[in-house]
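The exercises below ask for a careful reading of surface, burial and distance, each followed by a solution in steps. Please look through the sequence and the structure before starting.

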Amino acid sequence: MDELEVVFFLCIRIGLAYCVGLMGKKRQIGFGWAFALSFFWLMVGLIFVLCSKKKDVNFVNIEKEGK
């Protein structure tokens, strides 16, 4: 395999892992774990992200808090 092919496939792998990491950002697994898992095993990382629970987000009403 040529060096250029290796670099090309590495860039593709990093890009796909980054996309899965962004999906994991709003879930309990987080960006870092999702990125790391999907970098080494793309499908395993994707499965972990999809099975992970979404983060509980509590919104604060600024207008009521200030009064």
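**Exercise 1: Two tryptophans and a glycine**

Trp33 is exposed, with a relative accessible area of 62%. The model is a predicted one.

Task: Classify Trp33, Trp41 and Gly32 as buried, partly exposed or exposed, and place each in its element.

Solution. Step 1: Trp33 belongs to helix α2, and because exposed means over 50% relative accessible area, its value of 62% puts Trp33 in the exposed class.
Step 2: Trp41 sits in the loop between α2 and α3, and with a relative accessibility of 53% Trp41 also counts as exposed.
Step 3: Gly32 is part of helix α2, but its relative accessibility is 47%, so Gly32 counts as partly exposed.
Step 4: For the positions in space, the C-alpha atoms of Trp33 and Lys54 are 15 Å apart, with their places 21 residues apart in sequence. The C-alpha atoms of Trp41 and Met23 are likewise separated by 15 Å, at 18 residues apart along the chain, whereas for Gly32 and Phe59, 27 residues apart, the separation is 24 Å.

**Exercise 2: Charge in and around a loop**

Task: Which residues gather in the patch of positive charge on the surface, and what is the salt-bridge status of Arg27?

Solution. Step 1: The surface patch of positive charge brings together Lys25, Lys26, Lys54 and Lys55.
Step 2: Lys25 lies in the loop between α1, which spans 3-24, and α2, which spans 30-40. Apart from neighbours within four places in sequence, Lys25 is in contact with Gly30, Phe31 and Lys55, the last of which is also a member of the positive patch.
Step 3: Over a longer stretch of sequence, Lys25 and Glu63 are 38 residues apart, and their C-alpha atoms are 28 Å apart in space.
Step 4: Arg27 is likewise placed in the loop between α1 and α2, but Arg27 is buried and has no salt bridge. The nearest side chain of opposite charge is that of Asp56, at a distance of 11 Å.
Step 5: Once residues up to four places away in sequence are set aside, Arg27 touches Val49, Leu50, Ser52, Lys53, Lys54 and Lys55; of these, Lys54 and Lys55 are named in the positive patch.

**Exercise 3: The nonpolar patch**

Task: Which residues form the nonpolar patch on the surface, and which element gives the most to it?

Solution. Step 1: The nonpolar surface patch consists of Met1, Val6, Phe8, Phe9, Ile12, Leu16, Leu42, Met43 and Ile47, which together have about 920 Å² of accessible area.
Step 2: Two elements, α1 and α3 (42-51), each give two or more residues to the nonpolar patch.
Step 3: The largest contribution comes from α1, which gives five residues.
Step 4: Leu42 serves as a check on a single member, since a patch residue needs over 30% relative accessible area. Leu42 is found in helix α3, and with a relative accessible area of 32% Leu42 is partly exposed.

How values were computed. Residues numbered from 1 in each chain as written. Predicted model: local features only at pLDDT ≥ 70, side-chain atom pairs only at ≥ 80, totals over all residues. Heavy atoms only, no water. Patch = residues over 30% accessible without salt bridge, like charges linked within 9 Å, V, L, I, M, F, W, Y side chains within 5 Å. Areas by Shrake-Rupley, 256 points an atom, 1.4 Å probe, with all protein chains shown as cover. Salt bridge = Lys/Arg side-chain N within 4 Å of Asp/Glu carboxyl O. Lys, Arg positive; Asp, Glu negative; His and termini not counted. Charge placed at Lys NZ, Arg CZ, Asp CG, Glu CD. Helix = DSSP H or I, 4+ residues; strand = E, 2+ residues; numbered from the N terminus. Buried < 20%, exposed > 50% of the residue type's maximum accessible area, 1.4 Å probe, protein only. Contact = heavy atoms within 4.5 Å.
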